[in-house]
Amino acid sequence: MEPALSQLAKLTASETHRLDRAIVASSVNPELGTPVPDTLLRDYVDDVDGVRVIYYVTALRLPAISGSDTFTAAQSLVAV
């Protein structure tokens, strides 16, 4: 979690705003992203804001950003 937090701290205000918009969009419509084959992950790309969010949907139908040593939340939240 710590590497993700340090990466998120490096985002500009504009990048954070764009990322927030993508997270809200996936929260409103958890099926928004496309399924990642052979995983529970979904991949959402917002070409207008230039943001990609990889997430999974919980049993309560809420999107959650994935995090582990090999796949951190910061890798999930990539402003491109």
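**Entry 1: Asp38**

I started at Asp38, which comes out exposed, with a relative accessibility of 85%. I then looked up where Asp38 sits: in the loop between S1 and S2. Its phi caught my eye, near 65 degrees, a positive value in a residue that is not glycine. Note to self: this is a predicted model.

**Entry 2: the chain overall**

Next I stepped back to the whole chain. I get 3 helices and 5 strands. Reading from the N terminus, I wrote the order down as α-α-β-β-β-β-α-β. The chain has 80 residues, and 31% of them count as buried. For contacts I took pairs at least 6 apart in sequence, and 39% of those contacts join residues at least 24 apart. I also noted the accessible surface, about 5200 Å², with 60% of it belonging to carbon and sulfur atoms.

**Entry 3: helix H2**

I checked the length of H2 first. Its 16 residues should span 22 Å at 1.5 Å a residue, and I find the end C-alpha atoms 22 Å apart, so the two agree.

Which residues of H2 are buried? My list reads Arg18, Leu19, Ala22 and Ser26. They take up an arc of only 95 degrees around the axis, so I put them on the same side of H2. On the other side of the helix I have Ala13, His17, Val24 and Val28, which are exposed.

**Entry 4: salt bridges**

I moved on to charged pairs. The general idea I kept in mind is that side chains of opposite charge can pair when their charged atoms come close. How many salt bridges does the count give? It comes to 3, and I went through them one by one.

*Arg21 and Asp49.* I find these side chains meeting in a salt bridge, 2.8 Å from N to O. Arg21 belongs to helix H2 (residues 13-28), while Asp49 is in the loop between strand S2 (41-46) and strand S3 (51-57), so this pair ties together parts 28 residues apart in sequence. Buried or exposed? I looked up both partners: Asp49 is buried, at 14% relative accessibility, whereas Arg21 is partly exposed, at 46%.

*Arg42 and Glu31.* These side chains also meet in a salt bridge, and here I noted 3.6 Å from N to O. The pair links distant parts of the chain, with Arg42 in strand S2 and Glu31 in the loop between H2 and strand S1 (34-35), 11 residues apart. In this pair I have the Arg as the buried partner: Arg42 is at 13% relative accessibility. Glu31 comes out partly exposed, at 41%.

*Arg52 and Asp43.* For this salt bridge I wrote down 2.7 Å, N to O. Arg52 counts as partly exposed, with 36% relative accessibility. Asp43 is buried, with a relative accessible area of 17%; the cut-off I used for buried is under 20%, so Asp43 falls inside it.

**Entry 5: looking back over the pages**

I reread my notes on H2 with the bridges in mind. Arg21, from the first pair, lies in this helix, and Glu31, from the second, is in the loop between H2 and S1. Strand S2 turned up again too: Arg42 is in it, and Asp49 is in the loop between S2 and S3. I ended where I began, at Asp38, which sits in the loop between S1 and S2 and counts as exposed.

Methods: Residues numbered from 1 in each chain as written. Predicted model: local features only at pLDDT ≥ 70, side-chain atom pairs only at ≥ 80, totals over all residues. Heavy atoms only, no water. Helix = DSSP H or I, 4+ residues; strand = E, 2+ residues; numbered from the N terminus. Buried < 20%, exposed > 50% of the residue type's maximum accessible area, 1.4 Å probe, protein only. Contact = heavy atoms within 4.5 Å. Areas by Shrake-Rupley, 256 points an atom, 1.4 Å probe, with all protein chains shown as cover. Salt bridge = Lys/Arg side-chain N within 4 Å of Asp/Glu carboxyl O. Expected span 1.5 Å × (residues − 1). Arc of directions from axis to C-beta.
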